[in-house]
Amino acid sequence: FSLFFVMTFMVGVGTDVLRFNLIRDLIEGKKLNLKHAWKSGKGQVWQLVGLKIFVYLLSLLVLLAIVIIGWIAFIITGNLNSPVLWGVLAIFGIVALILLRVFLLFRYPIFFIEKKESSVKALKDSFAFTKSNMGFAFLTMLSLILVLIVFGVVTSPISSVLNWMQSKLLV
């Protein structure tokens with residue numbers, strides 16, 4: 001099972017390296033070439049693994065902060081069943097996770113397009129870019145959410161029809 005996890009993770013990282021290097025080549029007006037994209041991204045594989053590990057650790061840190069704040073609020077109120085405690089904790093948790101997601105939104109473009117040397121530098125630059133362009137970051141996030149909703153609405157009927165057709169053909 002762990003071998004499957006590691007192999008899947010590494011294939012995903014390799015795919016990300018190829019995809020973002022091809023995007024960078026497209027932006028720079030170069031001819032798209034898988035071999036060139038792989039060669040130019042060879043050194044980025046382990047840096048991307050480091051970036052993914054840092055993002056995972058940051059997520060754990062935010063979740064730990066939410067738990068600690070909940071624990072402190074429980075100590076202050078002394079009531080685990082308090083709706084106010086759970087409401088405030090839920091709102092804080094949702095806001096913290098959304099902010100983390102927004103601040104990490106530009107990590108891949110900064111890492112690949114600007115050819116950053118390290119994953120830590122890409123994360124710092126992503127935070128700095130988002131901090132200085134907060135309106136743009138939230139607008140981008142809302143645009144992505146809207147695209148996902150539209151995609152879901154469009155593909156749901158198609159999927160239903162295909163499932164219905166499949167059930168009729170296989171009976």
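**Exercise 1. Burial and salt bridges around Asp-16**

Is Asp-16 buried or exposed, and what is its relative accessible area? Work out which salt bridges Asp-16 forms in this predicted model.

Solution.

Step 1. The relative accessible area of Asp-16 is 10%. Buried means under 20%, so Asp-16 is buried.

Step 2. One partner of Asp-16 is Arg-19, with the closest N and O atoms 2.6 Å apart. Both residues belong to helix α1 and are three residues apart, about one turn of the helix. Arg-19 itself is partly exposed, at a relative accessible area of 43%.

Step 3. Lys-52 also forms a salt bridge with Asp-16, at 3.3 Å from N to O. Because Lys-52 lies in helix α3 and Asp-16 in helix α1, this pair ties together parts that are 36 residues apart in sequence. Lys-52 is partly exposed, with 23% relative accessibility.

**Exercise 2. Completing the salt-bridge picture**

State how many salt bridges the chain has, describe the one between Lys-30 and Glu-28, and identify the residues joined into a network.

Solution.

Step 1. The count is four salt bridges.

Step 2. Lys-30 and Glu-28 meet through their side chains at 3.1 Å, N to O. Lys-30 has 40% relative accessibility and counts as partly exposed. Glu-28, at 38%, is also partly exposed.

Step 3. Shared partners join Asp-16, Arg-19 and Lys-52 into one network.

**Exercise 3. Overall architecture and dimensions**

Describe the secondary structure of the chain and set its radius of gyration against that of a compact globule.

Solution.

Step 1. The chain contains seven helices and zero strands. Read from the N terminus, the order of elements is α-α-α-α-α-α-α.

Step 2. The radius of gyration is 21 Å, whereas a compact globule of 171 residues would have one near 16 Å. The C-alpha trace spans about 65 × 55 × 40 Å along its principal axes.

Step 3. Of the 171 residues, 26% are buried. The chain exposes about 12000 Å², and carbon and sulfur atoms supply 77% of that area.

Step 4. Consider contacts between residues at least 6 apart in sequence: 60% of these join residues at least 24 apart.

**Exercise 4. The largest nonpolar core**

Which residues of the largest nonpolar core touch the most other members, and which helix gives the most to this core?

Solution.

Step 1. In soluble globular proteins, nonpolar side chains tend to be buried together.

Step 2. The largest nonpolar core has 25 residues, and those touching the most other members are Val-13, Val-17, Leu-48, Leu-51, Tyr-108, Phe-111 and Phe-112.

Step 3. At least two core residues come from each of α1 (2-27), α3, α4 (83-103), α5 (107-113), α6 (119-132) and α7 (134-170). Helix α3 gives the most, with seven residues.

Step 4. For the surroundings of Val-17, leave out residues up to four places away in sequence. Val-17 then touches Gly-41, Gln-44, Val-45, Leu-48 and Phe-112.

**Exercise 5. Two residues of helix α3**

Classify Val-55 and Phe-74 by accessibility, and find the contacts of Val-55 beyond its sequence neighbours.

Solution.

Step 1. Val-55 lies in helix α3. Its relative accessible area is 14%, so Val-55 is buried.

Step 2. With neighbours within four places in sequence set aside, Val-55 contacts Leu-104, Arg-107 and Leu-123. The C-alpha atoms of Val-55 and Val-120 are 9.9 Å apart, although 65 residues separate the two along the chain.

Step 3. Phe-74 is likewise found in helix α3. Its relative accessible area is 33%, so Phe-74 is partly exposed.

**Exercise 6. The nonpolar surface patch**

Which residues make the nonpolar surface patch, what is its area, and which helix gives the most to the patch?

Solution.

Step 1. The patch covers about 1100 Å² and is made by Leu-61, Leu-64, Ile-68, Trp-71, Ile-72, Phe-74, Ile-75, Ile-76, Leu-80 and Trp-86.

Step 2. Helix α3 (residues 44-77) gives the most to the patch, with eight residues.

Step 3. Patch residues need over 30% relative accessible area. Phe-74, with 33%, is partly exposed and is one of the residues in the patch.

Step 4. Taken with Exercise 4, helix α3 gives the most to the largest nonpolar core and also gives the most to the nonpolar patch.

How values were computed:
Residues are numbered from 1 along each chain as its sequence is written. This is a predicted model: local features need pLDDT of at least 70, side-chain atom pairs count only at pLDDT 80 or more; totals for chains, interfaces and linings use all residues. Side-chain values use heavy atoms; hydrogens and water are left out. Patches are made of residues with over 30% relative accessible area and no salt bridge: like charges are joined within 9 Å, nonpolar side chains (Val, Leu, Ile, Met, Phe, Trp, Tyr) within 5 Å. Accessible areas come from the Shrake-Rupley method with a 1.4 Å probe; for residues, only the protein chains shown count as cover. Helices (H or I, at least four residues) and strands (E, at least two) are DSSP runs, numbered from the N terminus. Buried means under 20% relative accessible area, exposed over 50%, partly exposed in between (1.4 Å probe, protein chains only). The radius of gyration is taken over C-alpha atoms; the globule rule is 2.2 Å times the number of residues to the power 0.38. Contact means heavy atoms within 4.5 Å. A nonpolar core is a set of buried Ala, Val, Leu, Ile, Met, Phe, Trp, Tyr and Cys residues joined through side-chain atoms within 4.5 Å.
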